[in-house]
Amino acid sequence: MSSTNSNARSGGGPRVKAPARPAQRPGTGQSASGNRQPLVKPAPKAKARKARLLVSKIDPWSVLKMSFLLSVALGVVTVVAAIVLWTVLDLTGIFDQVNRLLGEIAGSESGGFDLREFASLGQVVSFATIIAVVNVLLLTALSMLSAVLYNIASTLVGGIGVTLTDD
């Protein structure tokens, strides 16, 4: 019994060969000819998958939230654009030229006309804000109504078919 145990401990049993070491270091990637070879071959491209889906229902609550946020952003852009446009017109002297033109047309007995009285920056911003608020209300209501109408129409005809592909 002692002879079998001593053989197992001393390595007298079958030996497993160690794997052969590569001739070069993996980090260098240089072959004998000097060309650079990739360490890992790229996987072959898979075929593009296609999925045909059907948009059969749109959630009106999500349309309401999204259209409200987008119309508020559009309202902010409207007010900022009105301020920028008024400032550019004022800096370029358009208001003075229009005042002179209207003075020449009306004559000197009109007592002078000042366009800035009718279109001051405060009045322009107020008007742009009113338009922006009306736009927010109308766009939100119309978007919600269109989502409800789409849901009604999609129950009749089945919805819109969409084909998605995997690039």
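## Tour stop one: F95 and its surroundings

Select F95 and show what surrounds it: beyond its neighbours within four places in sequence, F95 is in contact with W86, L89, D90, L115 and R116. Keep in mind that you are looking at a predicted model. F95 belongs to helix α3. Colour by accessibility next. F95 has a relative accessibility of 6%, so this residue counts as buried. Now add A119 to the selection. A119 and F95 are 24 residues apart along the chain, and their C-alpha atoms are separated by 9.4 Å.

## Along α3 to N99

Stay on helix α3, which covers residues 94-106, and move to N99 in that helix. Is N99 buried or exposed? Its relative accessible area is 13%, and the limit for buried is under 20%, so N99 is buried. Show the contacts of N99. Leaving out its neighbours within four places in sequence, they are F113, D114 and L115. L115 should already be on screen, as one of the residues in contact with F95.

## Zoom out

Switch to a cartoon of the whole chain. You should count 5 helices and 2 strands. Colour from the N terminus, and the elements follow the order α-β-α-α-α-α-β. The protein has 167 residues, of which 13% count as buried. Both F95 and N99 are buried. Turn on the surface. About 13700 Å² is exposed, and carbon and sulfur atoms supply 67% of that area. Consider the contacts between residues at least 6 apart in sequence. Of these, 74% join residues at least 24 apart.

## The helix pair α2 and α5

Select residues 60-92 for helix α2 and residues 121-157 for helix α5. How do these two helices pack? Their axes lie 8 Å apart, at an angle of about 160°. The angle is over 145 degrees, which means that α2 is roughly antiparallel to α5. View the pair face on to see the handedness. The crossing of α2 and α5 is right-handed.

Next, pick I131 in helix α5. I131 has 33% relative accessibility, so this residue counts as partly exposed. Then pick V79 and draw a distance to I131. The two are 52 residues apart along the chain, with their C-alpha atoms 8.8 Å apart.

## The annotated spans

Colour residues 67-89 and 124-150. An unreviewed UniProt entry gives both the feature "transmembrane region". What secondary structure does the span 67-89 hold? The span is 100% helix and 0% strand, and its end C-alpha atoms lie 32 Å apart. Repeat for residues 124-150. This span is also 100% helix and 0% strand. Its end C-alpha atoms lie 38 Å apart.

## Last stop: L164 in β2

Finish at strand β2, residues 160-165, and select L164 there. L164 has a relative accessible area of 44%. Partly exposed runs between 20% and 50%, so L164 falls in that class. Which residues does L164 touch, apart from its neighbours within four places in sequence? They are R49, K50, A51 and L53. Put a distance between L164 and R49. C-alpha to C-alpha, the pair is 8.2 Å apart in space, while 115 residues apart in sequence.

To close, put three C-alpha pairs on one view: F95 with A119 at 9.4 Å, I131 with V79 at 8.8 Å, and L164 with R49 at 8.2 Å.

Technical notes: Residues numbered from 1 in each chain as written. Predicted model: local features only at pLDDT ≥ 70, side-chain atom pairs only at ≥ 80, totals over all residues. Heavy atoms only, no water. Helix = DSSP H or I, 4+ residues; strand = E, 2+ residues; numbered from the N terminus. Buried < 20%, exposed > 50% of the residue type's maximum accessible area, 1.4 Å probe, protein only. Contact = heavy atoms within 4.5 Å. Areas by Shrake-Rupley, 256 points an atom, 1.4 Å probe, with all protein chains shown as cover. UniProt positions renumbered as here; feature names shortened; annotations may be inferred. Axes fitted to C-alpha atoms, helices over the stretch in contact; angles between N-to-C directions. Parallel < 35°, antiparallel > 145°, perpendicular 65-115°, else oblique. Left-handed = near helix turned anticlockwise from the far one by under 90°.
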